[in-house]
Amino acid sequence: MSEIKQTQDLDHPLFVAARAYTNYFTPTVRGLENLPTSGPALVIGNHSSIYWMPEVWITFMAMLEHRKGEPSFGVAHDVILGVPVIGDAIRQFGVIPANRDAAAAGLKDGGAVMVYPGGDWEAARPWTDRGKIDFAGRKGFIRLALEMGVPVIPAVANGGHDSIFVLSRGERSAKLLQLDKLFRAKVFPYTVGVPFGIAPILPQLPLPATVDVSFLPALNWSTEPGDPEDADLVETLYTETVDVMQTELDRLRTETPNPVATGIKNHLAGLPGPLSALATLV
């Protein structure tokens, strides 16, 4: 990991494009003071909206801007990293494979490593479960944090999963297509939207839902010693972590119960001159 020279230029065209993209979701970020400006930290987030995942870019760019000159890493599926041009481009910004060894190496390098334990399972959850944290029982991040002795910073996001209507994860389709063996994927999501109507996995246009990201203080258990091989301890800490993040997601959804309407209102308010008054109609 130490041989990677992470690009720190936030004016690089890739970041300019990412910023323009995330602006569509009129994002807000709070609690960045809870993220250490240097040294290792494990940032854990809740994953949304399948392929659009605006919370990932919003969170990662906030980390880079907050930790200027210090390493910050995000993880991505091997399929994405294997895409010609794109894979090479995002690697130079600190995107690493979504596996334990890569995350551990990033932490050893003194980096803040952003992970999404729920992965594709959470990102493809039905729209009706948009207000739910679902890590699918994956506890590897707990063991990694205990082993490495690093603070765990939850970065809870709301709104992204309101932007696209997921009907089903399509677990049966994924199994029939043997996606788990081919791509380590357990889902083949079905969505409804524009322009494809009801369709499997095709990229429907996302609605302009506002996305809020909240960085929480380091979880108490992550600042204390613990045995990563103690199954009961790991289970307890997993439940505690999900509960803390669910409580924050519930708060964010109470604060912004309709992210799509809020996003539309934000865009209208940004129109020039008297056109901004249209926001009062939403």
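Q: What makes a residue buried, exposed or partly exposed in this predicted model?
A: Buried means under 20% relative accessible area, exposed means over 50%, and partly exposed is in between.

Q: Why is Lys 139 called buried?
A: Lys 139 has a relative accessible area of 18%. The cut-off for buried is under 20%, so Lys 139 counts as buried.

Q: What makes Glu 235 and Lys 139 a salt bridge?
A: Their closest N and O atoms are 3.3 Å apart, and the limit is 4 Å, so the pair qualifies. Glu 235 lies in helix α10 and Lys 139 in the loop between α6 and α7, so the pair ties together parts that are 96 residues apart in sequence.

Q: Why is Glu 235 called partly exposed?
A: Its relative accessible area is 36%. That value falls between the 20% and 50% cut-offs, so the label fits.

Q: How do you know that Arg 130 and Asp 162 form a salt bridge?
A: The closest N and O atoms of Arg 130 and Asp 162 are 3.1 Å apart. Within 4 Å is what the definition asks for, so this pair counts too. Asp 162, at 6% relative accessible area, is buried.

Q: Why is Asp 232 called exposed?
A: Asp 232, found in helix α10, has a relative accessible area of 62%. Exposed means over 50%, so Asp 232 earns the name. On the surface, Asp 232 gathers with Asp 227, Glu 229 and Asp 230 in a patch of negative charge.

Conventions: Residues numbered from 1 in each chain as written. Predicted model: local features only at pLDDT ≥ 70, side-chain atom pairs only at ≥ 80, totals over all residues. Heavy atoms only, no water. Patch = residues over 30% accessible without salt bridge, like charges linked within 9 Å, V, L, I, M, F, W, Y side chains within 5 Å. Areas by Shrake-Rupley, 256 points an atom, 1.4 Å probe, with all protein chains shown as cover. Salt bridge = Lys/Arg side-chain N within 4 Å of Asp/Glu carboxyl O. Lys, Arg positive; Asp, Glu negative; His and termini not counted. Charge placed at Lys NZ, Arg CZ, Asp CG, Glu CD. Helix = DSSP H or I, 4+ residues; strand = E, 2+ residues; numbered from the N terminus. Buried < 20%, exposed > 50% of the residue type's maximum accessible area, 1.4 Å probe, protein only.
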